[in-house]
Amino acid sequence: MSEAGRFFWNELMTPDVEGAKVFYGRLFGWEGQTTPMPGPDGAEYTGFMLGGTPAGGALAPPEPGIPPHWMPYVRVEDADATEAAAVEAGGQVCRSAFDVPQVGRIAVLQDPAGAVFAVIAPAPELLAGG
């Protein structure tokens, strides 16, 4: 059975990742594990773990002015085709499909009512856990 169409990941964008680690740690027992992200900008990614199982992630916004928010990711087979289908169904593209090395191809979309979500066609190495 294909996993396409199921929620795959949840990610928090916040300017206060350290505060989020404390808050969600107290609230849900999540442990934040922060690692550097590839690239020259020095960005970091925090994975939230619950009992050794991934529960979500957090990162700082790439530019000022982006309000804190959670982004749900829905798994798809083809991010580009899903982007086109969303537009055909009356949605909008917030960020056209792009590649994240070792993660997959992602697009950020908006439904006709204004709700924002992302789709991800996971990279094989992400699914393999490596």
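Let me start with Leu27, which sits in helix H1, spanning residues 17-28. This is a predicted model, and I will go through two helices and one loop.

Leu27 is partly exposed, since its relative accessible area is 47% and partly exposed covers the range between 20% and 50%. Together with Phe23 and Phe28, Leu27 makes a nonpolar surface patch of about 310 Å².

Next, the loop ahead of that helix. Pro15 is located between strand S1, residues 7-13, and H1. With a relative accessible area of 62%, Pro15 counts as exposed. Leaving aside residues up to four places away in sequence, Pro15 touches Pro61 and Pro68. As for Pro36, 21 residues from Pro15 along the chain, the two C-alpha atoms are 16 Å apart.

Now helix H2, residues 79-88. Which residues are buried in H2? They are Ala79, Glu83 and Ala86. These three span an arc of only 65 degrees around the axis, so they lie on the same side of H2. The general background is that an α-helix has 3.6 residues a turn, so residues three or four places apart point the same way. What covers the buried residues of H2? The cover includes strands S6 (92-100), S7 (104-110) and S8 (116-122).

Finally, the two ends of H2. At the N-terminal end, Asp78 acts as the cap, with a side-chain oxygen 2.9 Å from the backbone nitrogen of Asp80. After H2 comes Gly90, which has a positive phi, near 105 degrees.

To recap: Leu27 contributes to a nonpolar surface patch, Pro15 is exposed, and the buried residues of H2 share one side of the helix.

Methods: Residues numbered from 1 in each chain as written. Predicted model: local features only at pLDDT ≥ 70, side-chain atom pairs only at ≥ 80, totals over all residues. Heavy atoms only, no water. Patch = residues over 30% accessible without salt bridge, like charges linked within 9 Å, V, L, I, M, F, W, Y side chains within 5 Å. Areas by Shrake-Rupley, 256 points an atom, 1.4 Å probe, with all protein chains shown as cover. Salt bridge = Lys/Arg side-chain N within 4 Å of Asp/Glu carboxyl O. Helix = DSSP H or I, 4+ residues; strand = E, 2+ residues; numbered from the N terminus. Buried < 20%, exposed > 50% of the residue type's maximum accessible area, 1.4 Å probe, protein only. Arc of directions from axis to C-beta. Contact = heavy atoms within 4.5 Å. Polar contact = N/O pair within 3.5 Å; in protein donor to acceptor, adjacent residues only side chain to side chain.
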